[in-house]
Amino acid sequence: MKLLGRVTSINVRKVLWTGAEIGLAFDHEPWGEAPWSLADPAFLALNPSGLIPVLVDGDFVLRESNTICRYLAGLHGRLDLLPAPGRERATVEQWMDWMATELNTSWRYAFLAIVRRSPGFADPTQVQASLAGWARQLALRGSQHASFTDAEALLPQMNLPSTVQTKAIGTIDPAVAVRTQRAYIAAFFDLWLRGRALGVAGQPGAVPADRARGPARAAGSRRRPGHAGLAHAGLP
Ligand SMILES: N[C@@H](CCC(=O)N[C@@H](CS)C(=O)NCC(=O)O)C(=O)O
């Protein structure tokens with residue numbers, strides 16, 4: 001089974017993650033990375049929209065990362081990844097659809113402007129709107145505008161009236177907010193500087209207790225996500 005797409009693409013990574021969970025060994029080609037141009041007619045013949053990932057399973061060609069993940073889970077009967085039709089399945093699909101539509105749409109402009117510095121993405125108003133949209137999607141339940149600052153560490157030490165604290169940082173437990181921030185920052189550096197597994201950064205909503213409270217776990221150790229923290233709005 002062939003998977004086409006550079007590993008730096010989030011949409012390729014989710015397919016690689018699904019494959020790793022299932023134990024698949026893809027024949028992987030890093031299209032989108034020189035010299036594998038997505039404008040190459042050979043690639044466009046597989047996906048006329050010129051986007052990665054693309055999965056080639058014999059004579060079957062499939063695009064759209066979420067669809068590919070569901071195809072692989074279904075093919076291998078992995079009900080833990082994609083449950084049978086019903087509420088559990090709908091919940092899985094709800095988060096996949098939310099990520100692909102609401103979440104990704106919110107940050108795309110700012111990411112292309114600030115990280116990729118893509119031409120045509122330099123309008124500061126749109127960057128601001130994109131950043132605000134991203135913050136709205138990932139706001140911690142119960143938090144307010146000063147969440148994700150040092151206020152959550154500082155204010156609880158100042159013996160302020162609870163109304164003052166609530167006005168500044170909302171009703172979220174400050175310790176949970178700080179733990180969550182630490183876990184995500186550690187995961188970010190693990191991923192980009194140490195090249196380690198995605199950790200919490202790849203698990204929307206999941207903050208494994210060990211990562212949330214202590215130092216990064218040993219390189220190479222793998223663990224299924226727990227839900228020990230409230231990482232963003234809407235998750236139990
Ligand atoms: N809805 C598609 C989106 C695919 C997509 O936008 N892929 C990006 C990479 S994350 C891409 O191919 N960008 C063009 C490029 O890298 O040149 C999916 O989920 O597969």
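This is a dialogue on reading the sheet, a helix pair and the ligand shell in a predicted model.

Colleague: In what order do the four strands of the open sheet lie?

Modeller: A sheet is read strand by strand across its pairings, and here the order is β2-β1-β3-β4, with mixed pairing. Because β2 (27–29) and β4 (60–63) stand at the edges and each has a single partner strand, one side of each is left without a neighbour in the sheet. From one strand to the next the twist averages 20°.

Colleague: In which sense do β3 and β4 pair, parallel or antiparallel?

Modeller: Strand β3, residues 54–57, pairs with β4 in the antiparallel sense, over four bridges, and Val-54 stands opposite Arg-63 of β4.

Colleague: At what angle do α1 and α3 pack?

Modeller: The angle is about 10°, and the axes of the two helices lie 9 Å apart; since angles under 35 degrees count as roughly parallel, α1 is roughly parallel to α3. On the α1 side the contact is made by Asn-11, Lys-14, Val-15, Thr-18, Gly-19 and Ile-22, and on the α3 side by Ser-65, Ile-68, Cys-69, Leu-72 and Ala-73. By class, the residues of this contact are six nonpolar, four polar and one charged.

Colleague: Which residues are around the ligand?

Modeller: Such a shell is read first as a list and then by element: the residues around the ligand are Ser-9, Ile-10, Asn-11, Gly-32, Leu-38, Leu-51, Ile-52, Pro-53, Glu-64, Ser-65, Asn-66 and Ala-100. The elements that give two or more residues to this shell are α1 (10–22) and α3 (65–75), and by class the shell has six nonpolar, five polar and one charged residues.

Notes: Residues numbered from 1 in each chain as written. Predicted model: local features only at pLDDT ≥ 70, side-chain atom pairs only at ≥ 80, totals over all residues. Pairing = 2+ DSSP bridges. Axes fitted to C-alpha atoms, helices over the stretch in contact; angles between N-to-C directions. Near = placed C-beta within 6 Å. Nonpolar A, V, L, I, M, F, W, Y, C, P; charged D, E, K, R; others polar. Parallel < 35°, antiparallel > 145°, perpendicular 65-115°, else oblique. Contact = placed C-beta atoms within 7 Å.
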